[in-house]
Amino acid sequence: MASSQSSSTDLRLTGYAHGGGCACKIPPGELEQAVRGLTGQTAPNVLVGLDDGDDAAAVLVRDDLAILSTADFFTPVVDSAYDWGRIAAANALSDVYAMGGHPVVAINLVGWPRDLLPMDLMSEVLQGGLNIASEAGCPVIGGHSIDDPEPKYGMAVTGTADPTKLLRNDAAEAGLPITLTKPLGVGLLNNRHKQTGEVFEEAIATMTQLNRDASQAAVAAGLKAATDVTGFGLLGHLYKMARASGVGAVIDRSAVPMVSGAAEALRDGFVSGGTRRNLDWVRPHLTADSGISEDDLLFLADAQTSGGLLVIGELPGYPVIGETVALPQRDEELVRVR
């Protein structure tokens, strides 16, 4: 089915939500405070838990098999119900790919204002999710729905991985290239779409692209550290990885790819509140060279939805955007932009 940005009802789904996509996530600093009492829980078979905020949980069930578990959902990021479903499904599946795994089964998570929006729109959302999951070879079996003042959709996904080949956010080592597998800027375009109704097909294509191929390439190359770039932006997710791994990171601003139209959206001020909160959170641990502007930093903090993988190591065919370095002596230099 082709991408479609207008339904038969001509309703603007983004107008029914206070935020859009991963930009509506709870700010990272607030979230870490809220879950601080839940960390530190260990069990012999838990390979990856809550402590470092990785993309999915990993539990060892056999010496050669780990089970991955994750859930992700959000409010409408585009007005097309079908495309929203596709984007949300790709985003949820990405957590498994970011760990180097293969999705096995998914279930839908739906909140729907049944007195405000027709049920056939919800069917379009679910169809979009099903089609992307089918592309991933992941059956969608059931789920849970509630009557909700704001529309919300996503998936809980279970996957598998080789426990010796997990991609983790605490496994980065110094002296390696940093690779980014999708361009940045979809947050800017999604915010522009919400405010103006303009449609950006390249942004939709980017958000609906599975991270499967990049994940498989990283595992095949023997790489150990990765995460996906979503609501906390490139700077936020890179900071979390550097902090968890005990390394520093340097980003070359000029090497970071930008989705078409994002530069104009940035120039025109379509910066989401989530993006500004991301930058505020990372700024105490960030140093920027003299040629780096505030707009450059806002772009690097742009709250992505269904973004690419941030991989420590080089993947052929994807741009290298920086490198990891030895842990700086000062915390405010943990991430540097040059």
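This report describes salt bridges in a predicted model.

The structure contains 17 salt bridges. Three pairs are listed below with their N to O distances.

| Basic residue | Acidic residue | Distance, N to O |
|---|---|---|
| Arginine 62 | Aspartate 64 | 2.8 Å |
| Lysine 152 | Aspartate 148 | 3.0 Å |
| Arginine 253 | Aspartate 296 | 3.2 Å |

**Arginine 62 and aspartate 64**

The side chains of these two residues meet at 2.8 Å, N to O. Arginine 62 has a relative accessible area of 48%, and aspartate 64 likewise has a relative accessible area of 48%. Arginine 62 counts as partly exposed because its value of 48% does not pass the 50% above which a residue is called exposed. Aspartate 64 is also partly exposed, at 48%.

**Lysine 152 and aspartate 148**

This salt bridge joins the side chains of lysine 152 and aspartate 148 at 3.0 Å, N to O. Lysine 152 and aspartate 148 are both buried.

**Arginine 253 and aspartate 296**

Here the side chains form a salt bridge with an N to O distance of 3.2 Å. The pair links distant parts of the chain, as arginine 253 and aspartate 296 lie 43 residues apart. Arginine 253 is in the loop between β9 (248-251) and α8 (262-267), while aspartate 296 belongs to helix α10 (residues 294-300). Both arginine 253 and aspartate 296 are buried.

**A network**

Salt bridges also occur in a linked set: Arg192, Glu198, Arg267 and Asp268 are connected in a network of them.

Note on methods. Residues are numbered from 1 along each chain as its sequence is written. This is a predicted model: local features need pLDDT of at least 70, side-chain atom pairs count only at pLDDT 80 or more; totals for chains, interfaces and linings use all residues. Side-chain values use heavy atoms; hydrogens and water are left out. A salt bridge is a side-chain nitrogen of Lys or Arg within 4 Å of a carboxyl oxygen of Asp or Glu. Buried means under 20% relative accessible area, exposed over 50%, partly exposed in between (1.4 Å probe, protein chains only). Helices (H or I, at least four residues) and strands (E, at least two) are DSSP runs, numbered from the N terminus.
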